[in-house]
Amino acid sequence: MNNLWDDSLSGFWSAWIIVLTLGSIAFAFWILYANRKTDKVPDADGNVETTGHAADEIEEYDNPLPRWWFQLYVGTVVFSLGYLLLYPGLGNFAGLLGWTQEGQWEEEVARAEERFTPIFAQYQEIPIPELARDEEAMQVAERIYLNNCAVCHGSNAQGGYGFPDLTDDDWLYGGEPEQIMISLARGRNGLMPSWQQLGENNIENVTQHVLALSDLEHDADRAEQGTAVYASVCAACHAPDGSGNQALGAPDLTNDTWLYQAPGQSVADSVRQTLRNGRNGHMPAQEAYIGEERVHLVAAYVYSLRFRD
């Protein structure tokens, strides 16, 4: 019953759109056609009576529309009817040409794939370290990066709040070619659990301990008190010395690089917020969207950023 109701509703609205569209065109044309002439006759001097309307002492004469203007409007009506006959625009009627925006997009993608796939396939045969030094290939790779990656990592690849900087030497999951390829092709999911259960006192102690790991200004007494808590709840991921674990994507806490430090926010406040609320990072898999060949090129581009001034 639901399907029958949906089908009849679709048919109703399709008919409604057709009637409304064609009716509007016909009504507008009728108004214009009915007023194409006037029954006013010019006097001996060629003057015509006014309609009685005036604005800023400018009077409106009761003259018929210029013929060229009327013919031009008729032309637009003919064009619109021809367009609606050839292309979709009247409810469910697909048009005589069978054109769809999805079909046009697919044709354009197919033409692009036919043209560029051999080029990308050629680049795919080149190892990433070698490809990263090919200036022509990197120009192509940069365009792919800007279209697919810059929205998060920035056009300069220096990242932002919650999005890693790709130009430095700090890599959550490793910066070697194979690791970059995995990040791009398969994506990454990072999870830092909330530790509110530790209580505010222990959260502050662990915060001071983390600051100490990066040789930042800290409260030495609290940092010492946080050592045991860090060892019991943090060291499994971030390592006892705070150097992190790339296999898990656990950040290095010793290099004073902070992914979730907002502009104007202190490192201590950022660490406290992370401990209280946790973090949840997601890097979407790109291979399904841009293909293996383009992933290889972008991986080489990201790898090349470390060689740039």
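Setting aside the residues within four places of it in sequence, M283 is in contact with S183, L184, G187 and R188, and this methionine lies in strand 4, which covers residues 279–283. The model in which these contacts are found is a predicted one, and M283 is a useful place to enter it, since the UniProt record, in an unreviewed entry, lists M283 under the annotation "binding site" together with C149, C152 and H153. These four positions are spread over 135 residues of sequence, and yet they cluster in space, with a largest C-alpha distance of 10.8 Å.

Another member of this group, C152, is found in helix 6, which runs over residues 150–153. Is C152 buried, partly exposed or exposed? Its relative accessibility is 34%, and because buried means under 20% and exposed over 50%, C152 counts as partly exposed. When its neighbours within four places in sequence are left aside, C152 is in contact with G159 and F163.

The same kind of annotation appears a second time, for in an unreviewed entry UniProt also lists M192, C234, C237 and H238 for "binding site". Here the positions span 47 residues of sequence, but they too cluster in space, the largest C-alpha distance being 10.7 Å.

Within this second group, C234 is found in the loop that lies between helix 9, residues 220–233, and helix 10, residues 235–238. C234 has a relative accessibility of 7%, and it therefore counts as buried. Beyond its neighbours within four places in sequence, C234 is in contact with V206, V229 and A239. H238, by contrast with the loop position of C234, is found in helix 10, and H238 is buried as well, with a relative accessible area of 12%. Which residues does H238 contact, once its neighbours within four places in sequence are left aside? They are M192, Y230, S243, G244, A250, P251 and L253, and M192 is itself one of the positions that UniProt lists with H238.

V206, which is in contact with C234, leads on to a pair of helices. The axes of helix 8, residues 199–213, and helix 11, residues 267–277, come within 9 Å and cross at roughly 130°, which means that helix 8 is oblique to helix 11. The crossing of these two helices is right-handed. From helix 8 the contact is made by E200, I203, E204, V206, T207, Q208, V210 and L211, and from helix 11 by V267, A268, V271, R272, L275 and R276. Sorted by class, the contact of helix 8 with helix 11 has 8 nonpolar, 2 polar and 4 charged residues.

A second pair of helices completes this tour. The axes of helix 5, residues 135–148, and helix 13, residues 292–304, come within 8 Å and cross at roughly 100°, and helix 5 is therefore roughly perpendicular to helix 13. The residues of helix 5 that take part are A137, M138, V140, A141, E142, I144 and Y145, and they meet R294, L297, V298, A300, Y301 and S304 in helix 13. By class, the contact of helix 5 with helix 13 has 10 nonpolar, 1 polar and 2 charged residues.

Key:
Residues are numbered from 1 along each chain as its sequence is written. This is a predicted model: local features need pLDDT of at least 70, side-chain atom pairs count only at pLDDT 80 or more; totals for chains, interfaces and linings use all residues. Side-chain values use heavy atoms; hydrogens and water are left out. UniProt positions are given in the numbering used here, feature names are shortened, and annotations may be inferred rather than shown by experiment. Helices (H or I, at least four residues) and strands (E, at least two) are DSSP runs, numbered from the N terminus. Buried means under 20% relative accessible area, exposed over 50%, partly exposed in between (1.4 Å probe, protein chains only). Contact means heavy atoms within 4.5 Å. Axes are lines fitted to C-alpha atoms, for helices over the stretch in contact, and angles run from 0 to 180 degrees between N-to-C directions. Angles under 35 degrees count as roughly parallel, over 145 as roughly antiparallel, 65 to 115 as roughly perpendicular and the rest as oblique. Ala, Val, Leu, Ile, Met, Phe, Trp, Tyr, Cys and Pro count as nonpolar, Asp, Glu, Lys and Arg as charged, and the others, Gly among them, as polar. A crossing is left-handed if the near helix is turned anticlockwise from the far one by less than a right angle, and right-handed if clockwise.
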